[in-house]
Amino acid sequence: MAINTVNVTVTTAGTPVQVSTTRIPAAWVNIMGALANAGSIFIGDSNVSSTQGQAAGAGGGAGSPQYPPVSGISPYNLEDIYIDAANNGDIAQVTYLTR
């Protein structure tokens with residue numbers, strides 16, 4: 001098992017960015033906006049937008065989504081998670097556990 005962190009930069013607000021372009025199964029995932037972000041980030045599937053999706057606060061504050069562990073399996077695939085942001089250049093910090 002390993003805990004990993006990847007930063008996902010949304011270059012252009014309104015254009016969703018895939019967390020990973022390859023399949024990465026994860027037992028749990030935590031996503032939060034970087035402290036230096038100008039605004040919120042949004043988490044969802046490929047249809048997430050810079051105004052709709054699950055919002056995440058900066059630095060793990062209120063609204064930072066956590067996808068809890070499920071015993072014995074890796075239910076999350078980072079390839080299926082997309083990030084968008086309200087502002088160009090904002091960053092999502094994605095921490096996850098691989099088995």
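Modeller: Helices (H or I, at least four residues) and strands (E, at least two) are DSSP runs, numbered from the N terminus. This is a predicted model, in which local features need pLDDT (the predictor's confidence in each residue, from 0 to 100) of at least 70, side-chain atom pairs count only at pLDDT 80 or more, and totals for chains, interfaces and linings use all residues. Residues are numbered from 1 along each chain as its sequence is written, and side-chain values use heavy atoms, with hydrogens and water left out.

Colleague: In which strand is Tyr 96 found?

Modeller: The protein chain has zero helices and ten strands. Tyr 96 lies in strand β10.

Colleague: Is Tyr 96 buried or exposed?

Modeller: Buried means under 20% relative accessible area, exposed over 50%, and partly exposed in between (1.4 Å probe, protein chains only). The relative accessible area of Tyr 96 is 10%, so Tyr 96 is buried.

Colleague: How far apart are the C-alpha atoms of Tyr 96 and Ala 2?

Modeller: Contact means heavy atoms within 4.5 Å. Leaving aside neighbours within four places in sequence, Tyr 96 is in contact with residues including Ala 2, Trp 28 and Leu 78. Tyr 96 and Ala 2 are 94 residues apart along the chain, and their C-alpha atoms are separated by 8.3 Å.

Colleague: Which element gives the most to the largest nonpolar core?

Modeller: A nonpolar core is a set of buried Ala, Val, Leu, Ile, Met, Phe, Trp, Tyr and Cys residues joined through side-chain atoms within 4.5 Å. The largest one has 16 residues, and Ile 83 is among those with the most contacts inside it. Elements giving two or more residues to this core include β1 (2-10) and β9 (82-85). With three residues, the element that gives the most to this core is β10.

Colleague: Which backbone oxygen does the side chain of Ser 20 reach?

Modeller: Ser 20 is found in the loop between β2 (17-18) and β3 (25-26). At 9% relative accessibility, Ser 20 counts as buried. Not counting residues up to four places away in sequence, Ser 20 touches Leu 78 and Glu 79. At 2.7 Å, its side chain reaches the backbone oxygen of Thr 22.

Colleague: In which strand is confidence highest?

Modeller: The mean pLDDT of the protein chain is 85, and 82% of its residues reach 70 or more. Confidence is lowest in strand β7 (residues 66-67), at a mean of 64, and highest, at 97, in β2.

Terms used:
Polar contact = N/O pair within 3.5 Å; in protein donor to acceptor, adjacent residues only side chain to side chain.
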